Each structure stands twice: as structure tokens, then as C-alpha cells.
Amino acid sequence: MKRCEFCSIIRGEAPAEVLFRNDNAIAILDIRPIHFGHVLVLPIRHVETFIDVPAAECEGLTRALQTVTRAVVHALRPPGFNVFSNNGRAAGQSVFHFHFHITPRYADDNIKFILQLKKYQQDEMSEYGRKIRHAIDPSAVPTQPGR
Ligand SMILES: [Zn+2]
């Protein structure tokens, strides 16, 4: 495996401002924050994206995520916050050890996702729904198109 900066932090070989740790996750301050108090919550196990996190370790990871999100909100009292993750280079992932971001948000902080929202045509929505439901449970009875 290529040297991973997050694995180095987890092993205690690289410095980090550690906020929290449980059996499955560790929370650290991001060294290049969107806002001060921007936190990264990462699985102890090296996995590349969210879907690679073993199911048995998801609860510990998401519990850490909520515990630390609450702490950020209680400690810093921002009027809002984002919880997000980037998965894959196309989605903006830059460290390929999966991590959630927690960042405080403030009114008019000039951070924007520039979105061009699409519109489903005719049966497209039910077709996307069918594909994803099938991937969740291939044995599920398909719903009738057109409702
Ligand atoms: Zn790693």
C-alpha cells in the first residue's frame, strides 16, 4: 500500500490535533480548514470510499461522526454546519482514505456549491428508482411503471 497520511496519523507516526477516538474511528482537525473547527472523521481501517467501510464498523464510525458533530456545534455555536464526504477523484476526494468532513457554517460565508439542477423526463425517475432498488434487493418485486 502507498504511504497514507491518515494511516500515519492513526498509528501515531504523524502529528494531528486528535479530538476523539473509538474502536472504529478517529476525529482530527483538518489542517486546511474551510472554517476554523473543520473536522475530519475517518475509519481506523484504511478504506478508500464510504461503500468500502465494513458494515460492522459503520455504527462506530457514524456514532463518532454524530458525537463530534454535536461537540463542534456545542463548542463553536455556528448557526449552521455541513456534514459531507467526497468519494472518488471526480467528487473532489484528495486523500484516498475515506473521511467525513464536519464544518461550521455562517450566514453569507460565501461558500457555495454551484448546482445546475436537472429535471427527470417522463419515466426517468421511476427507471432510476428501479435500478437502485434492484441493486439494494435483486429479489424485490419491481414496481409498476406509471404508478
Ligand atoms: Zn489510510
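The legends below accompany views of a predicted model of one protein chain.

**Figure 1. Overall fold of the protein chain, with its 3 helices and 5 strands.** Read from the N terminus, the elements follow the order α-β-β-β-α-β-β-α. The C-alpha trace covers about 55 × 40 × 30 Å along its principal axes, and the radius of gyration of the protein chain is 19 Å, where a compact globule of 147 residues would have a value near 15 Å. Buried residues account for 17% of the 147 residues, while 54% of the contacts with a separation of 6 or more join residues that are 24 or more positions apart.

**Figure 2. The two assigned domains of the protein chain, domain 1 (5-105) and domain 2 (117-147).** Between the C-alpha centres of domain 1 and domain 2 the distance is 32 Å.

**Figure 3. Close-up of helix α3, which comprises residues 124-136.** From its first C-alpha to its last, this helix of 13 residues reaches 18 Å, close to the 18 Å expected at 1.5 Å a residue. Helix α3 is hardly covered, since the count of buried residues among its 13 residues is 0.

**Figure 4. Close-up of P15 in the loop between α1 (5-10) and β1 (18-21).** P15 is classed as exposed because 10 other C-beta atoms lie within 10 Å, and the cut-off for that class is 12 or fewer. In sequence P15 and E5 are 10 residues apart, and the distance between them in space, C-alpha to C-alpha, is 10.0 Å.

Notes: Residues numbered from 1 in each chain as written. Predicted model: local features only at pLDDT ≥ 70, side-chain atom pairs only at ≥ 80, totals over all residues. Helix = DSSP H or I, 4+ residues; strand = E, 2+ residues; numbered from the N terminus. Expected span 1.5 Å × (residues − 1). Buried ≥ 20, exposed ≤ 12 C-beta atoms within 10 Å, placed from the backbone. Domains from an automatic or database assignment. Rg over C-alpha atoms; globule rule 2.2 N^0.38 Å. Contact = placed C-beta atoms within 7 Å.
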